[in-house]
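Look through the sequence and the model below. Then follow the strands, the core and the rings in turn.

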Amino acid sequence: MHEIKPKLSVDDIRLGCDIQTLIANGYIEKVDAYDEITGWQTFTRDDAVEFYVKNNSVVCIACFGDCVIEGVYIIGQTPSELIKGLGAPNEIGEAIWVSDDRQQVPYEYFSLGLQIWFESGKAVSVFCNEVY
């Protein structure tokens with residue numbers, strides 16, 4: 001279980017920490033995941049959490065597995081369950097095709113620095129940002 005502290009950290013890794021902290025904690029770079037558009041490197045040690053790094057600093061953290069925010073479980077929740085736990089999102093984005101047969105919809109929680117993505121009516125990922 002990964003604990004998300006909005007605008008701050010996931011587990012013990014803080015937004016803004018340097019790349020050496022990730023490496024010292026056993027995270028390795030997914031070289032094939034380098035994003036040429038954003039210039040972000042991706043670090044992970046399991047498939048449940050990814051840390052995105054720009055200029056040697058963590059700028060975004062994504063959770064794809066079991067995670068909790070202020071006692072609210074995220075992944076697998078329906079939009080209504082999530083709203084019951086976190087309140088209404090500031091914005092619900094447009095559906096985006098993530099593959100030929102899959103669409104996802106982002107729920108934006110600007111005050112928490114979170115973007116929670118839904119697919120087929122269930123939360124599948126949450127992205128944590130320091131500045132939103």
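Which residue in strand 3 is the bridge partner of S9? It is R14. This is a predicted model, in which local features need pLDDT of at least 70 and side-chain atom pairs count only at pLDDT 80 or more, while totals for chains, interfaces and linings use all residues. Residues are numbered from 1 along each chain as its sequence is written, and side-chain values use heavy atoms, with hydrogens and water left out.

**The open sheet**

Some terms come up throughout. Strands (E, at least two residues) and helices (H or I, at least four) are DSSP runs, numbered from the N terminus. Two strands pair if DSSP finds at least two bridges between them. Strand 2 and strand 3 run antiparallel and are joined by 2 bridges. They belong to an open sheet of 5 strands with mixed pairing, in the order 3-2-1-8-9. Strand 3 and strand 9 (72-73) stand at its edges with a single partner strand each, so one side of each has no neighbour in the sheet.

**Strand 13 and its partners**

Strand 13 spans residues 114-119. Of its 6 residues, 6 are buried. Buried means under 20% relative accessible area, exposed means over 50%, and partly exposed lies in between (1.4 Å probe, protein chains only). L114, I116 and F118 point one way from the strand. Q115, W117 and E119 point the other way.

Strand 13 pairs in the antiparallel sense with strand 12 (residues 102-109) over 5 bridges. Here Y109 stands opposite L114. Strand 13 also pairs with strand 14, again antiparallel, over 6 bridges. In that pairing V126 is the bridge partner of I116.

**Positive phi values**

Most residues other than glycine have a negative phi. The table lists residues with a positive one.

| Residue | Place | Phi |
|---|---|---|
| D11 | loop between strand 2 (9-10) and strand 3 (13-14) | near 55° |
| N56 | loop between strand 6 and strand 7 (57-63) | near 65° |
| G113 | hairpin of strand 12 and strand 13, 4 residues between the strands | near 70° |
| S120 | hairpin of strand 13 and strand 14, 2 residues between the strands | near 55° |

D11 is partly exposed, with a relative accessible area of 25%. N56 is partly exposed too, at 46%.

**The cores**

A nonpolar core is a set of buried Ala, Val, Leu, Ile, Met, Phe, Trp, Tyr and Cys residues joined through side-chain atoms within 4.5 Å. The largest has 31 residues. I4, F51, I74, I116 and V126 have the most contacts inside it. Among the elements that each supply at least two residues are helix 1 (19-24), helix 2 (79-86) and strand 13. A second, separate core has 5 residues, including Y52, C60, A62 and W117.

Contact means heavy atoms within 4.5 Å. Leaving aside neighbours within four places in sequence, I4 is in contact with several residues, among them S9, V10, L114 and V126.

**The rings**

Rings of Phe, Tyr and Trp (its six-membered ring) pair if their centres lie within 6.5 Å; planes under 30 degrees apart count as stacked, over 60 as edge-to-face and the rest as tilted. The count comes to 5 aromatic pairs. One of them is Y52 and F127, which is stacked, with 6.3 Å centre to centre and 10° between the planes. Y52 lies in strand 6 (residues 49-54) and F127 in strand 14 (residues 122-129), so the pair ties together parts 75 residues apart in sequence. Both Y52 and F127 are buried. Ring pairs link W40, Y52, F64 and F127 into a cluster.
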